[in-house]
Amino acid sequence: MSRKPSLPAPRRIAALDIGTHKTVVLVGQIVDRRVRLLGFGERRTEGVVKGVVEDLERLTECVHHVVHDAERSAGVSLSEIYAGVNGPQVDGGRVKGMVPVPGRDRRVTAADMVEAEASARRIEPPPGRLTLLYMAQPTLLDGASVANPVGMTGERLEVSFWRVTHEEASLRQRVGMINGMSLKLRDFLLGSHCASCAVAAEGDKRTGCLVVDCGAGTTSWILHYRDHILCAGCIPVGGEHVTNDLCSALRVRRDVAEDLKLRYASALHRPEDANQTILKEGPSGPEHQFNRGTINRVASVRVTELLELVRQDVEARVRQIFGRDVALTPAFLPAGILLTGGASQLADLPAAASEVFGLPARAALPVTEAPELRKPEYAAVVGIMAAALVNEVPARRAPRGFWAQLRALLRL
Amino acid sequence: MPEAVPILLVGVGGAGVSLVGRLAPGLPANARALVVDADLSALEASGLPDPVQLGRGSLRGLGAGGEPALGADAAEAEEAELRRRLSGASLVMVVCGLGGGVGGGAAPVVARLAAEGGATVLALATLPFSHEGERRLSAARDAAVALHRRAHGTVILRNDALLQVAAADAPVAELFAETGRWVGAALDALSGCFRPGALLPLDPGALRSFLPAPGCRATFATAAARGEGAVLAATRAALASPLLPHGPEAERHDHLLVEVVGGPDLSTGDCQAAVAALRGDLGGDRITLLGARTDSPEPGLVRVSFLAASPPAAPGAEPRRPAKGRRAKGKPADAADQALFSFAEEANLRRGLFGTSAPNLFNGEDVDIPTYLRKGIRLPSAD
């Protein structure tokens, strides 16, 4: 993350989020350490299946259009952009750096911290993968978690990160795509992390919560635990799978299935729906009849399975970190589950998630000053913008940095 | 007046023999039945006269033990006998269960010999249940490709789909009976629409142009309805048949044959409306055939059946649906192979919109396949 020396005001920042369903670009202006939304571009994504680029040419064209739309609506031309990454090519793992605390008094110095961090960062990512970012995890001094160990005494200092890596080839593809539009890529940001920061309140993050970003092609999750990112993951199953299942079960075209999903489907199967008939006027004249019970049965079994997959993934990664099974109880995650992303709008999804996880669950909207962006499908791009702001406007004084960042986040 | 098309219904292998044996007592006048298997007891149980026993020497009256190679060899050994017995029919319908030794191995041979004898060959084949194991499924997919190459038209019925039709706790016999009804309906539709005396009879020669060359992918569905607007209701029910391999968006066909059977009050207008609805969902841009009869077995009952087929793409031809989506990406020269390949990959058909994208494996299951199908969850019926 290169930090530029301060540029002449006003500064503009832009955020790009490429989803399986749609691509969004936001353009903002930094005014008084906050972002004012200038422009907005959005289109249906082409060439992406389940979060994986299948047709780079079509995707490039699509992103080009969206950037153009955003530039036109903002009335400015962009030169730099922050891009979110998401999807099954993103993976993560924990890296750990350990140093013995030297000196007679065994007091931890800032240099020890730097050394421990450096040793964690020296661990090479798996072949064919590039490190995207490091997210700090609790620092341990002789095995005990401490917020700031500098000045404390101990023997063994342990610093760990949740390291996010991305498949190298596809990441280079994306860099090439953005550079090809004469845009400078400022940085890659993890979409699910940004989305979680946009929807989760500080209190949720401090106490612990699981944010699930339900996209069209992928479902990403990120686990906040005691003010740190504990781990993250992604299941390449999303809202489109519900649509596909409905296509198959009802024998209808994709657009009809999509419409039925948005209007009638529920993540819960209720016996009383079985007798409800939905009439739909077809374009060819005769109306189609659908049984609401069928729609909900198909949607609910799919969503329950998806949530089960997320739960298994979370449990497996948490097990990796703690070295033992950790039950996902309300004691572990008091703030429960926050559901966001376009596919989180499926009716009764929080209830279904609550049932699968045994945790409180609720739908969460991104916090932003722009009312038109307060929709779950914009959580990632709003979060990217907020993270970009933090990056562009570094905190002036270190101790106040956290609150400054928090304010910036909340006031985008 | 066109003449009735002589039809030969051939059951190959255990499942095929049993299905044909079940249908044999009620065959239409222009149809004959033949059973071909290695298992002598199965042939006897079918009760049909003059069965063709394969592998008299090599298999000694037992089945091929799930080895398609054995089944194919046994059929090749009986080539002369099979040729003789398969001759004389204009339409040969080969009924078999893929995945077994004789059904998977001998059926392609039977289809080839029948086609070489000058008949149009339509294969109706079932694929094993997913729970029968990966080995049997992959053998069945290979057999489907072999059959697809030899037969003019191949209709695949997924046994998994039967779980949607029959009750969850239905005995296997009930599922089998459902397959029997489906094959019977196909036989009835194809024998009936060329029968003289129909309201709208079809020219028997039309079948040749309908399935012009080996390698057509085909689907068949049927449904019945009664009362006001029965024709359209039956049409919609046929389109919604859970036995169809996948949603209509996933596949459109160039050729469409519709048969409507109703009472004396059946109007051509109703039939045209049914055709219009089917064309909207299925295609039939190159050939659409409509046959109609007024000899419904029950008064007031209307049955609508359709057979849709796509001839193999000619080499170098434009892919059929290049408009949108990732299918257009492949080299055009591969189009025919591609069609064959995706046909073989039965799973791809079930993955619908995700078509040929990489499988999404979790705990050994491809989660792109609809959950309700994988878990065998029966859905409430459409009405």
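**Exercise 1.** Which residue in β11(A) does A:Leu141 stand opposite? Place the answer among the pairings of β11(A).

*Solution.* The model is predicted: local features need pLDDT of at least 70, side-chain atom pairs count only at pLDDT 80 or more, and totals for chains, interfaces and linings use all residues. Residues are numbered from 1 along each chain as its sequence is written, while chains are lettered from A and ligands numbered from 1 in the order in which they are written.

Step 1. A:Leu141 stands opposite A:Leu157. Strands are DSSP runs of E with at least two residues, helices are runs of H or I with at least four, and both are numbered from the N terminus. Strands pair if DSSP finds at least two bridges between them.

Step 2. Strand β9 (residues 139–141) of chain A pairs with β11(A) in the antiparallel sense over two bridges.

Step 3. Strand β8 (residues 129–136) of chain A is joined to β11(A) by seven bridges, again antiparallel. Here A:Arg129 has A:Glu167 as its bridge partner.

Step 4. β7(A) also runs antiparallel to β11(A), with 11 bridges, and A:Val90 stands opposite A:His166.

Step 5. For β11 (residues 156–167) of chain A, nine of the 12 residues are buried. A residue is buried if 20 or more other C-beta atoms, placed from the backbone, lie within 10 Å of its own, exposed if 12 or fewer, and partly exposed in between.

**Exercise 2.** Why does A:Lys96 count as partly exposed? Describe its surroundings.

*Solution.* Step 1. A:Lys96 has 14 C-beta neighbours inside 10 Å, and therefore counts as partly exposed.

Step 2. A:Lys96 belongs to strand β7 (residues 90–100) of chain A. Its C-alpha atom is separated by 4.2 Å from that of A:Ser160, 64 residues apart along the chain.

Step 3. Contact requires C-beta atoms, placed from the backbone, within 7 Å. Leaving aside neighbours within four places in sequence, A:Lys96 is in contact with A:Ala120, A:Glu158 and A:Ser160.

**Exercise 3.** Set out the open sheet of chain B and the helices on it.

*Solution.* Step 1. Chain B has 14 helices and 12 strands. Of these strands, 10 form an open sheet with mixed pairing, in the order β3-β2-β1-β4-β5-β6-β7-β10-β8-β9. Its edge strands, each pairing on one side only, are β3 (52–53) and β9 (283–293).

Step 2. Strands β1 (residues 7–12) and β2 (residues 31–37) of chain B pair in the parallel sense over six bridges. B:Leu8 has B:Arg32 in β2(B) as its bridge partner.

Step 3. Helix α10 (residues 230–239) of chain B packs on the sheet and touches β7 (216–226), β8 (253–261) and β10 (301–310), at about 140 degrees to β7(B). Axes are lines fitted to C-alpha atoms, for helices over the stretch in contact, with angles from 0 to 180 degrees between N-to-C directions.

Step 4. Helix α6 (residues 134–150) of chain B lies across β5 (120–127) and β6 (153–158), running at about 170 degrees to β5(B).

**Exercise 4.** Check the span of helix α5 (residues 101–116) of chain B, then say where α5(B) bends.

*Solution.* Step 1. The expected span is 1.5 Å times one less than the number of residues. For the 16 residues of α5(B) this gives 22 Å; the end C-alpha atoms are 23 Å apart, which agrees.

Step 2. α5(B) bends by about 30 degrees at B:Ala107, and B:Pro108 follows within four residues. The bend is the angle between axes fitted to the seven residues ending at a residue and the seven starting there.

Step 3. Because 14 of its 16 residues are buried, α5(B) is largely enclosed by the rest of the structure. After α5(B) comes B:Gly118, with a positive phi near 100 degrees.

Methods
Two residues are in contact if their C-beta atoms, placed from the backbone, lie within 7 Å.
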